[in-house]
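User: I want the reasoning behind the labels on this model. Take them one by one and show the cut-off where there is one.

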Amino acid sequence: MPATEKDLAEDAPWKKIQQNTFTRWCNEHLKCVSKRIANLQTDLSDGLRLIALLEVLSQKKMHRKHNQRPTFRQMQLENVSVALEFLDRENIKLVSIDSKAIVDGNLKLILGLIWTLILHYSISMPMWDEEEDEEAKKQTPKQRLLGWIQNKLPQLPITNFSRDWQSGRALGALVDSCAPGLCPDWDSWDASKPVNNAREAMQQADDWLGIPQVITPEEIVDPNVDEHSVMTYLSQFPKAKLKPGAPLRPKLNPKKARAYGPGIEPTGNMVKKRAEFTVETRSAGQGEVLVYVEDPAGHQEEAKVTANNDKNRTFSVWYVPEVTGTHKVTVLFAGQHIAKSPFEVYVDKSQGDASKVTAQGPGLEPSGNIACRAVGRGLQPKGVRVKETADFKVYTKGAGSGELKVIVKGPKGEERVKQKDLGDGVYGFEYYPTVPGTYTVTITWGGQNIGRSPFEVKVGTECGNQKVRAWGPGLEGGVVGKSADFVVEAIGDDVGTLGFSVEGPSQAKIECDDKGDGSCDVRYWPQEAGEYAVHVLCNSEDIRLSPFMADIREAPQDFHPDRVKARGPGLEKTGVAVNKPAEFTVDAKLGGKAPLRVQVQDNEGCPVEASVKDNGNGTYSCSYVPRKPVKHTAMVSWGGVSIPNSPFRVNVGAGSHPNKVKVYGPGVAKTGLKAHEPTYFTVDCTEAGQGDVSIGIKCAPGVVGPAEADIDFDIIRNDNDTFTVKYTPRGAGSYTIMVLFADQATPTSPIRVKVEPSHDASKVKAEGPGLSRTGVELGKPTHFTVNAKAAGKGKLDVQFSGTAKGEAVRDVDIIDHHDNTYTVKYTPIQQGPVGVNVTYGGDPIPKSPFSVGVSPSLDLSKIKVSGLGEKVDVGKDQEFTVKSKGAGGQGKVASKIVGPSGASVPCKVEPGLGADNSVVRFVPREEGSYEVEVTYDGVPVPGSPFPLEAVPPTKPSKVKAFGPGLQGGSAGSPARFTIDTKGAGTGGLGLTVEGPCEAQLECLDNGDGTCSVSYVPTEPGDYNINILFADTHIPGSPFKAHVVPCFDASKVKCSGPGLERATAGEAGQFHVDCSSAGSAELTIEIRSEAGLPAEVHIQDHGDGTHTITYIPLCPGSYTVTIKYGGQPVHDHLLAPFPSREE
């Protein structure tokens, strides 16, 4: 079908969606008056729902009365006309829509009417946010709605009311725009799931914005949806109000935050100069801004952040770089990186004044102390804590002769310092701070301060409970240009925020690799030899023993740690057992000359001793013995540098002890097992250590076949190192169960069990239509059930046999319900007796084999139901006939009748006159709707259930008609009478007036069982008035009515002196008698010869007589013209009137 034809078809998808949408829109407004539209095409035909809808929408009443019980079509047309007249008065223009179209159910025009109402009341009338904009007032309703939505959703390209809404995401965006936080994550919705997206948005709008779903989620994303339907739904949003208690969720999208300003520019920032920038978070949601600045040496400081509390939710940030080089500025919003973070900022030298720089100090004197140097943790500016030994070394070799003196002063004064001569001009010093504060370490050689002396050390408070620990070769030393590695491990679950910095002779790049198991590998690359302070921070504070002092040396010749390999079971992730040596080999043949070091530590922080044996051929045999079944970490370093793949993480198991495996449960009991009954047993490995469980179950020859056979089983691992093994013995006999642990037999294996037979076929019952001697039809599926609950476990088998050659049945299906009951389905394909042999566990069940009589197949299309009308009289005997000739089957007719109250109505099914006929008899006792269900061999016949309406018996004789209009009237005047139908039952009322002309007829239902009727005969004569009730004349019908002319001017009588003479200036008077002339208008005209009128007064006495008074103004002849109903009565020529003086 071409697209144009398809779109115009009556069943076009868009039309159905539009009809559904418009119907729901109407019902939403009709709720408040307890009315509802089920079918938009038919439910407006009587005008009542249409009038109710207009009164709700306009908040006004109709301008004139309408029929509350529009029984007749004329009344329905009148009601719809009332509604359309109301719309015309409201200046709502309708095109090509009249009352007949609505009453006749013209769906196209009805949809047009409803769309006009939606445009006027939902889209045009509401006062929207931009109403003050004169340009907006000039727009069409569609433009206004689209403009409002575009203003709400500037981030989305909404240009239409169809395809732009089909992913469902735009709905989520609109809901969130009207109520921020209701659908905050709409932009992350999966566009491939439009129905889910639309359902989420529309349900939130329904629940919390009060926007009813006049269109369904499936319809709004349908490619066939029309714009009118979408606009109808979206037009509800402009005045939506958020309900209290809505589940608003803050929208968080850190990537929508942005930073700008010189402080994050790649160039242009100077050392010691304040660097500033701004972070804007308006589109990112609610959250705090944190900024960290890391200098080239890895030192990290927190920048100053100030909230500006403006509409764009901006934050002002500044920091002061202390050194030159590339800085990393990390900007976090709600703990996550914003767009483009971290920023790389190069800090240049400050442009100072070299003429103002001076240099002085003992290091510049001829007898300086440049050869002396001091290094160590106890001299670091930060990191040392109270109650920790602070140590350092002083190197004096090459400094000549002199006295070495060290003084440490703290908050309490001079501290005790321990000194030890380590030889070769090296001295070790220790002090033990007990109170936090600033300590000064002064080191002199020959009375002069050595380089950097005095040292200022800030001692922190005592370490609390540690959340992390760090260890590894990179914290002790390393080689220039090679990575220095160490491990950081969590202690407990709450780790906090980790940080690292390395201070020393050169910058050192740092990398951290989170292993996802509570530990991370950290590496840094020193570029110059010397001592480096490695700070490991947790929540911005040094951990215990931090900073770690690493002695970085120049790389020796022929040094290749990257060529050293380590392998062996002791380094594998699994397979290592507790209290057993874990061995591995290190191959350093290509690594050059350097010392090998192996460090092993368990995840509780306990070091494990490792032995290293030099094999003399460039390889080393290494081993360690784990004492706890926990994760161990091994770090292998060559010359202080970690080798490839180090550190190695090893999960240590508890060892393997098959002799401690326990097997128990009913499945391994010596007695009590029954064939075909599921059983189980437990394998308990809680004390057996590490190892895999293997199970094998076999049955002896003869159980399920001539040879032994494997039995299927399920093994379930439990959380407590036990296993549940489930299996079902397939027959009676001997079984052998093997249980292995770590490939070794457990103490009780093999386990031999005896399985007893489990069934008693004599206790099996089979029943159902499929075993009936009659009632089974050829080619029609049937079934029966087998109940073996009391018979134990056995195999059910069913065999079928027929009298003819070939298969007797097909589609046999035995359904096991797993409760020892079964359903057997089959379709007979042979007519006549069919044998059904049912066995259980190989034994026949009672009554087996069953003999089933198969009859010809059923053809319900041959069933005919006659005599069942749509309406019947209450209290009268009713009957209908069911003809089944040629229908086949067993020929059993049944009927069930349900009355208006839901109760069953007694009915009888009796044989009819013919062999294939049945008669159903019943008596409806109450008024209302009935359902008549008719079945044939238990199957509903075509059309069943049949609807039936029981109405009170119609009694036209009870109808009364009365009123003057039934006897006659006057031509041109309404003739009225009344019809009283009370007590006459239900029936249609028919009215016709036959006579000399077609009289206009009007009928008004008074709502009390009476109708007021009027007709207007335009010509005199005899008329017949026919009044029929239920197509039967009521008593007196047809009524004879004589219509006379409305007046007779010849019967008007005039008298009085004023018709003969009068005096100028004085009142003249005469009388006109119209009482015998009928009803008409009396007109009097009196004029002089010159055409001047005299003033005339007519006094109506109410009985058909009139008094006429006039005053001639001047003497002369006057003409008096008298007309009745426009017809002349008399022309009188008055004599010349004398004046008063005459």
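Analyst: Start with the record. UniProt positions are in the numbering used here, and its annotations may be inferred rather than shown by experiment. Also, this is a predicted model.

User: Where does UniProt place the feature "domain: Calponin-homology (CH)"?

Analyst: The record, an unreviewed entry, puts that feature at residues 16–122 and 139–242. In the model, residues 16–122 are 60% helix and 0% strand. The end C-alpha atoms of that span are 21 Å apart. Residues 139–242 are 47% helix and 0% strand, with end C-alpha atoms 28 Å apart.

User: What makes N39 partly exposed rather than buried or exposed?

Analyst: Buried means under 20% relative accessible area, and exposed means over 50%. N39 has 31%, so it counts as partly exposed. N39 sits in the loop between α2 (13–30) and α3 (48–58). Its C-alpha atom is 9.2 Å from that of N20, 19 residues away along the chain.

User: Which label does T326 get, and why?

Analyst: T326 has a relative accessible area of 40%, which lies between the two cut-offs, so T326 is partly exposed. T326 belongs to strand β8.

User: What does T326 touch, leaving aside neighbours within four places in sequence?

Analyst: Contact means heavy atoms within 4.5 Å. On that test T326 is in contact with E294, D295, P296, E344, V345 and Y346. N449 is 123 residues from T326 in sequence, and their C-alpha atoms are 34 Å apart.

User: How do you know whether G376 is buried or exposed?

Analyst: G376 has 6% relative accessibility. That is under 20%, so G376 is buried. G376 lies in the loop between β11 (373–375) and β12 (390–395). Beyond four places in sequence, G376 touches D391, F392, E531 and M549. The C-alpha atoms of G376 and N309 are 48 Å apart, with their positions 67 residues apart along the chain.

User: How many disulfides does a search of the whole structure find?

Analyst: Zero. A disulfide is a covalent bond between the sulfur atoms of two cysteines.

User: Why is C183 not in a disulfide?

Analyst: The test asks for two cysteine sulfur atoms within 2.5 Å. The closest cysteine sulfur to that of C183 is in C178, at 10 Å, so the distance is too far for a bond. C183 is also buried, at 0% relative accessibility.

User: What is the nearest cysteine sulfur to C463?

Analyst: That of C538, 11 Å away. C463 is in no disulfide. With a relative accessible area of 10%, C463 falls under 20%, so C463 is buried.

User: What makes the peptide bond from S453 to P454 cis?

Analyst: Its omega is near 0 degrees. P454 is in the loop between β18 (448–449) and β19 (455–459). A cis peptide bond also joins S848 and P849, with omega about 0 degrees. P849 is in the loop between β56 (843–844) and β57 (850–855).

User: What is notable about phi of R452?

Analyst: Most residues other than glycine have a negative phi, and most peptide bonds are trans. Phi of R452 is near 70 degrees, a positive value in a residue other than glycine. R452 is in the loop between β18 and β19. At 64% relative accessibility, over 50%, R452 is exposed.

User: And what is phi of D1031?

Analyst: About 65 degrees, positive although D1031 is not a glycine. D1031 lies in the loop between β74 (1021–1029) and β75 (1032–1033). Its relative accessible area is 73%, over 50%, so D1031 is exposed.

User: How much space lies in the largest pocket?

Analyst: About 1400 Å³. The largest pocket is lined by 42 residues, and the closest to its centre are Y292, H299, Q300, E301 and L537. Elements that give two or more residues to the lining include β4 (289–294), β5 (300–302) and β8 (325–333).

User: What kinds of residues make up the lining of the largest pocket?

Analyst: The lining divides into 15 nonpolar, 14 polar and 13 charged residues. Gly counts as polar in that tally.

Terms used: Residues numbered from 1 in each chain as written. Predicted model: local features only at pLDDT ≥ 70, side-chain atom pairs only at ≥ 80, totals over all residues. Heavy atoms only, no water. 1 Å grid on protein atoms, 1.4 Å probe; cavity = no way out; pocket = protein on both sides within 12 Å on 5 of 7 lines; lining within 4 Å. Points joined across faces, edges and corners; volume = space filled by probe spheres on them. Helix = DSSP H or I, 4+ residues; strand = E, 2+ residues; numbered from the N terminus. Buried < 20%, exposed > 50% of the residue type's maximum accessible area, 1.4 Å probe, protein only.
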